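Hi there,

Here is the structure I promised to pass on. Have a look at it first, and then read my notes below.

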Amino acid sequence: MIAISNTSPLILLDKIGHLWILGELFNNVIIPPAVDSEWLRPGGYKVPKWLLSNSLTPEAHNGANDLYQKLDKGEAEAIALFSVMKVNFLLLDDLNGRRLAKSMGFPVIGTLGLLISAKQKGIINNLGSTLDDLKKHRFYIVDEILKKALILANDD
């Protein structure tokens, strides 16, 4: 499976040392140029083999230009790139971006959904402690959604 990602899932998972989860869930994760530049990585950072930066086709560039008025640059480029590529999922956390992508019929997964999937597949052992780590990095989740996520992931 292949996904196109916006910046936030990369940043959040990287901050808690769980970026590797994406490599377990997907064969490749593709990021557009704006995401590559938004995701600031310290010098000497080794980019995983499964993470690919892809330039925008002229068609995707036109699509992104149409979206810049509604979304930030990374989200606009991720949605535009997804619209022209044959990939499985679009990774987005921003509510406006998610709504727009879903209205276009795109299969969207956020960081929480990625972690639930990772727990269900046995990639991580404990969703609750992983979410606690994320909360330390300004990841906000409503208690009701947290409870549903833990139930969905069969997290004890």
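The notes below cover a helix packing, the nonpolar cores and an aromatic pair.

Please keep in mind that this is a predicted model.

Let's begin with two helices. Helix α1 (residues 7–15) packs against helix α7 (residues 111–120) at an angle of about 55 degrees, and their axes are 9 Å apart. That angle makes α1 oblique to α7. On the α1 side the contact is made by Ser8, Pro9, Leu12 and Leu13, and on the α7 side by Thr111, Leu114 and Leu115. Sorted by class, this contact has five nonpolar, two polar and no charged residues.

Helix α7 turns up again in the largest nonpolar core, which has 29 residues. The members that touch the most others there are Leu10, Leu22, Phe26, Leu91, Leu114 and Leu115. Two or more residues come from each of α1, α2 (20–25), β2 (28–31), α7 and α8 (127–135), and α7 gives the largest share, five residues. If you click on Leu91, you should find it touching Ile4, Pro9, Phe26, Val29 and Ile109, among others.

There is also a second, separate core of 20 residues, which includes Ala60, Ala64, Ala78 and Phe82.

Phe82 also forms a tilted aromatic pair with Phe106, at 4.7 Å centre to centre and with 55 degrees between the planes. Phe82 lies in helix α5 (residues 73–84) and Phe106 in the loop between α6 (95–103) and β5 (108–109), so the pair ties together parts that are 24 residues apart in sequence. Phe82 is buried, at 6% relative accessibility, and Phe106 is buried too, at 15%.

Happy browsing!

Key. Residues are numbered from 1 along each chain as its sequence is written. This is a predicted model: local features need pLDDT of at least 70, side-chain atom pairs count only at pLDDT 80 or more; totals for chains, interfaces and linings use all residues. Side-chain values use heavy atoms; hydrogens and water are left out. Axes are lines fitted to C-alpha atoms, for helices over the stretch in contact, and angles run from 0 to 180 degrees between N-to-C directions. Helices (H or I, at least four residues) and strands (E, at least two) are DSSP runs, numbered from the N terminus. Angles under 35 degrees count as roughly parallel, over 145 as roughly antiparallel, 65 to 115 as roughly perpendicular and the rest as oblique. Contact means heavy atoms within 4.5 Å. Ala, Val, Leu, Ile, Met, Phe, Trp, Tyr, Cys and Pro count as nonpolar, Asp, Glu, Lys and Arg as charged, and the others, Gly among them, as polar. A nonpolar core is a set of buried Ala, Val, Leu, Ile, Met, Phe, Trp, Tyr and Cys residues joined through side-chain atoms within 4.5 Å. Buried means under 20% relative accessible area, exposed over 50%, partly exposed in between (1.4 Å probe, protein chains only). Rings of Phe, Tyr and Trp (its six-membered ring) pair if their centres lie within 6.5 Å; planes under 30 degrees apart count as stacked, over 60 as edge-to-face and the rest as tilted. Lists of a residue's contacts leave out its neighbours within four places in sequence.
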